[in-house]
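Visitor: I am new to protein models and would like to learn how the words used for them are decided. Could you show me one and take me through it?

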Amino acid sequence: MTSPCSSPLEPSIPPRTPTPRAPVISPPSPVGSAFPPPPCSLQAPIPPPPPLPPPPPAIGAAPPHVYGLEQSHLLKEALEKAGPDPKGKEDVKRLLKLHKDRFRSDLQWILFCADVPSVIQEGPQCGLVALWMAGTLLSPPSGIPLERLVQVAIERGYTAQGEMFSVADMGRLAQETLGCQAELLSGGLGGPNRDLILQHLVTGHPLLVPYDEDFNHEPCLRKGHKAHWAVSVGLLLGVEGVPSRGYTEDPELPGLFHPVPGMPCQLPPLPKEGSLGAVFLLSKQGKSWHYQLWDYDQVRDSNLQLTDFSPSRATDGRVYVVPTGGVRAGLCGQALLLRPQDSSH
């Protein structure tokens, strides 16, 4: 069901304070005098000039935004040890090379992928972080600060501290803050919803999907005890043949094809449901700034068994906003298709 959208909110983003550079100290000029010093063995030698300070560090790629970094020493230490934020295309290429043995050799592969920046969550804010990442493909160029999403979610009663246990509430939040279209899917990611999702991702629009998160961030089956959110922005399709027009083969990975930017391309027949290992989702979530590559059926199965609230959360002394009917009513078998307000697809 597609809901009408409110006007997009465009709060201003405070200017980023430039990173201070180390001052460059010029060496002192040689001591000069109109009169040479008298020849005296007791004269103290002139000390050499102090060494120059080290040059300022080279400015590389900006690290991923980490919500709450200013207040968390733990997050600061983790970020410093992790290295720079990987570039989107390079990270995807790394991922595909790492998992190339998983791809069926009897198929050719087409990669559709929209690039989004990474955000590392602090606390149970995975849903809002996933929404913020999706918003970079939907919102005005000025962007919507993550803090704004948190503020509105709290004001509307959707969350107490960043958690989101309702896909419907997530859709309403997306419409209000991002000014986008939001279509709620129910009944799981299989059946007729499967083709809707694949077509949606091929056009470059984001999918928000709740699932159970395993230790390596991949989907697992924990009955909702590890409920988590991800944003899917890409698709890897295994097809019997790639159309001759509109695609180019990857120079490093034979058998992998990319749509040619700016050129209309014919979409091949989508793999039929039940075709094992033929569809993979390219996703991001708030505990890593790397892309994740997940088998579609694995995500579908994880999403369809979100039924129970985590016992550990129920006894941790914190307040959570859970809809009537619990996790089953709020998350199970549901997902959210997001489109720009002016999109006709």
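Guide: Gladly! Let us start with a word we will need often: buried means under 20% relative accessible area, exposed means over 50%, and partly exposed lies in between (1.4 Å probe, protein chains only). Helices (H or I, at least four residues) and strands (E, at least two) are DSSP runs, numbered from the N terminus. This is a predicted model, in which local features need pLDDT of at least 70, side-chain atom pairs count only at pLDDT 80 or more, and totals for chains, interfaces and linings use all residues. Residues are numbered from 1 along each chain as its sequence is written, and side-chain values use heavy atoms, with hydrogens and water left out.

Visitor: What makes helix α3 mostly covered?

Guide: Helix α3 spans residues 126–135, and 10 of its 10 residues are buried. Among them are C126, L128 and W132.

Visitor: Why is W132 called buried?

Guide: W132 has a relative accessible area of 18%, which is under 20%, so W132 counts as buried.

Visitor: Which residues does W132 touch?

Guide: Contact means heavy atoms within 4.5 Å. Not counting residues up to four places away in sequence, W132 touches P117, V119, I144, P145, L146 and L149. The C-alpha atoms of W132 and P145 are separated by 7.7 Å, and the two residues are 13 apart along the chain. The side chain of W132 also reaches the backbone oxygen of I144 at 2.8 Å.

Visitor: Why is Q199 called partly exposed?

Guide: Q199, in helix α6 (residues 192–202), has 39% relative accessibility, which lies between 20% and 50%, so Q199 counts as partly exposed. Leaving aside neighbours within four places in sequence, Q199 is in contact with L267 and L270.

Visitor: How many disulfides does the structure hold?

Guide: A disulfide is a pair of cysteine sulfur atoms within 2.5 Å, and the structure holds 0 disulfides. As for two of the cysteines, C126 is buried at 8%, while C265 is partly exposed at 35%.

Visitor: What makes the link between R339 and E183 a polar contact?

Guide: A polar contact is a pair of N or O atoms within 3.5 Å; within protein, one must be able to donate a hydrogen and the other to accept it, and residues adjacent in sequence count only if both atoms are side-chain atoms. The side chains of R339 and E183 are joined at 2.9 Å, which is within 3.5 Å, so the name polar contact fits. R339 lies in strand β12 (residues 335–339) and is buried, with a relative accessible area of 10%.

Visitor: How do you know that strands β10 and β11 pair?

Guide: Two strands pair if DSSP finds at least two bridges between them. Strand β10 (residues 279–285) and β11 have 5 bridges in the antiparallel sense, so they pair. In β11, Q292 is the bridge partner of S283, and a hairpin joins β10 to β11 through 2 residues.

Visitor: Why is strand β11 called largely enclosed?

Guide: Strand β11 covers residues 288–295, and 7 of these 8 residues are buried, so the rest of the structure largely encloses it.

Visitor: How do you know that some stretches call for caution?

Guide: The clue is pLDDT, the predictor's confidence in each residue, from 0 to 100. The chain averages 81, and 74% of the residues score at least 70. However, pLDDT stays under 50 over residues 1–44 and over residues 74–84. Where pLDDT is low, the predicted coordinates should not be read in detail.
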